[in-house]
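Grab a pencil and work through these short exercises on charged side chains. Each one comes with a solution to check yourself against.

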Amino acid sequence: MSSTKKLKLEELGRIDIETFKETKKTPLVVVLDNVRSMHNVGAIFRTADAFLIEKVVLCGITPQPPHREIHKAALGATESVDWVYEKDIVEALQNLKKENFKIVGIEQTTSSEVITDYSINKHEKYAVVLGNEVDGLSDDALPYYDTFLEIPQLGTKHSLNVSVCGGIVMWEFFKSL
């Protein structure tokens with residue numbers, strides 16, 4: 001028999017919200033472009049908390065905290081992770097470009113690169129954009145991206161759930177940044 005045991009919450013040594021706010025962040029912003037599911041929004045916040053993401057930008061129809069359905073998945077991460085709402089995705093991307101972020105769309109396009117082949121430069125700041133669950137990234141914003149990345153998929157489905165995709169993308173950037 002193994003002597004392995006699960007750790008209790010108090011044994012995990014997690015930081016509090018005040019310490020989180022003061023901790024140096026991963027130079028990554030996650031932008032949600034018309035993401036409609038509150039559960040997806042909450043899950044993105046929770047993952048952003050786990051990887052010390054700088055900020056989440058909510059655009060268009062993306063629901064905003066506080067909301068019970070967002071909180072259900074976020075488990076309080078909307079309190080620790082900074083976030084802003086910008087109605088227009090194009091304006092949001094233009095503002096991020098002014099702040100010297102490289103704008104990375106997570107989408108299957110004619111010019112997308114497989115995420116594991118993409119060179120992430122730890123001296124750069126990145127904004128990754130996740131699109132609507134059905135329509136993907138907004139067409140009118142496509143010219144504002146520096147690059148497009150996709151996650152390789154070998155099964156019968158053509159896409160991943162937004163929050164699953166966001167978790168994979170945040171992990172890939174976190175590892176390098």
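**Exercise 1.** In this predicted model, find the closest N and O atoms of Glu-133 and Arg-36 and say what kind of contact the two residues form.

*Solution.* Start with the distance: those atoms are 4.0 Å apart. The cut-off to use is within 4 Å, so the pair goes down as a salt bridge. Next, place the partners. Glu-133 sits in the loop between β6 (125-130) and β7 (147-150), while Arg-36 is in the loop between β1 (26-33) and α2 (38-50). They are 97 residues apart, so this contact links distant parts of the chain. Finally, look at the surface: Glu-133 has a relative accessible area of 24%, making it partly exposed.

**Exercise 2.** Work out where Lys-21 and Asp-82 lie in the chain.

*Solution.* First, the contact itself: their side chains form a salt bridge, 2.8 Å from N to O. Now the places: Lys-21 belongs to helix α1 (residues 17-22), and Asp-82 to the loop between α4 (77-80) and β3 (83-86). That puts them 61 residues apart. As for exposure, Lys-21 is partly exposed at 38%, and Asp-82 is partly exposed at 40%.

**Exercise 3.** Are Glu-69 and Lys-72 buried or partly exposed?

*Solution.* Take Glu-69 first: its relative accessibility is 17%, and buried means under 20%, so Glu-69 is buried. Lys-72, at 46%, is partly exposed. The two side chains meet in a salt bridge of 3.4 Å. Both are in helix α3 (residues 68-74), 3 residues apart, so about one helical turn separates them. Add Arg-68 and you have a network of salt bridges linking Arg-68, Glu-69 and Lys-72.

Conventions:
Residues numbered from 1 in each chain as written. Predicted model: local features only at pLDDT ≥ 70, side-chain atom pairs only at ≥ 80, totals over all residues. Heavy atoms only, no water. Helix = DSSP H or I, 4+ residues; strand = E, 2+ residues; numbered from the N terminus. Buried < 20%, exposed > 50% of the residue type's maximum accessible area, 1.4 Å probe, protein only.
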